[in-house]
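Subject: Structure for you to look at

Dear colleague,

I am passing on the structure that we talked about, and I would be glad if you could open it beside this message. Please take your time with it before you read on.

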Amino acid sequence: MELILWIGIVLVVIAVGAVIIAAALRGMSPKVPDAQPYRPSPARQGSAPATTTISPASGLTPEVIAEIDRLVTADQKIRAIKVYREHTGVRLQEAKDRIDHWSVSTTAPHVAATSNAAVAHSSITATATSVRGALPTAVSAEVDRLVSADQKIHAIKLVREHTGFGLKQAKDIVESWPHPHRL
């Protein structure tokens, strides 16, 4: 009789241990997160209307807003997210959601006009000569220097940054860039 009692106790202990281990393993299994619609952080609810009028306290000056507008318009969302994060300090997901719902500001002074982002969206086919003429003189001189120094990758980056062109189009522009005359 004593042997049956001990066997019963051991079986109960094993059963209780199995239940505890099963519960622990179930709690450790990864779960698929629920899809969440974009909601501004509680600090900004009510302060950010449909357009991008954001208070200077958030770290977004009119110049930064104009730069984000230019990047969003040029379909460079990753760079826009980076700029937004640098100036606000928010998490990546919140910055991504904000840029995904970004509406181009009509009140910010658009620095984009000085960076010639509109060249990328014109219906005229851009050539190296036309892009060179449209870029600010300092930028054209820098691209000249980079092309002369056979630093095409840096030149492509610079052209993309100031025109909003895609990689292929900027590469084609730099490869056909008129070489400056050396004296």
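Below I describe the cores, then one helix, and then two loop residues.

Please keep in mind throughout that this is a predicted model.

The largest nonpolar core has 17 residues, and those that touch the most other members are Val 131, Val 143, Val 159, Phe 165, Ile 173 and Trp 177. The elements that give two or more residues to this core are α6 (128-134), α7 (137-148), α8 (152-163) and α9 (167-175). A second core, separate from this one, has 14 residues, among them Ile 68, Ala 80, Ile 81 and Trp 102.

To see how one member of the largest core is surrounded, you could select Ile 173. If its neighbours within four places in sequence are left aside, Ile 173 is in contact with Ala 126, Thr 127, Ala 128, Val 131, Val 159 and Phe 165.

The helix that I followed most carefully is α7, which has 12 residues and spans 16 Å from its first C-alpha to its last, close to the 16 Å expected at 1.5 Å a residue. Its buried residues are Val 139, Ser 140, Val 143, Asp 144, Leu 146 and Val 147. Looking down the axis of α7, you will find that these buried residues fall within an arc of 165°, so they line one face of the helix. It may help to recall that an α-helix has 3.6 residues a turn, so residues three or four places apart point the same way. The buried residues of α7 pack against α6, α8 and α9, whereas Thr 137 and Ala 138, on the other side of α7, are exposed.

After α7 comes Asp 150, with a positive phi near 60°, and this residue is found in the loop between α7 and α8. Most residues other than glycine have a negative phi, which is the reason for pausing here. Is Asp 150 buried or exposed? With a relative accessibility of 60%, Asp 150 counts as exposed, because the cut-off for that word is over 50%.

Asp 75 also deserves a look, as a residue other than glycine whose phi is positive, near 60°. Asp 75 lies in the loop between α2 (62-73) and α3 (77-88), and it is exposed, with a relative accessible area of 60%.

With best wishes

Notes: Residues numbered from 1 in each chain as written. Predicted model: local features only at pLDDT ≥ 70, side-chain atom pairs only at ≥ 80, totals over all residues. Heavy atoms only, no water. Core = buried A, V, L, I, M, F, W, Y, C linked by side-chain atoms within 4.5 Å. Buried < 20%, exposed > 50% of the residue type's maximum accessible area, 1.4 Å probe, protein only. Helix = DSSP H or I, 4+ residues; strand = E, 2+ residues; numbered from the N terminus. Contact = heavy atoms within 4.5 Å. Expected span 1.5 Å × (residues − 1). Arc of directions from axis to C-beta.
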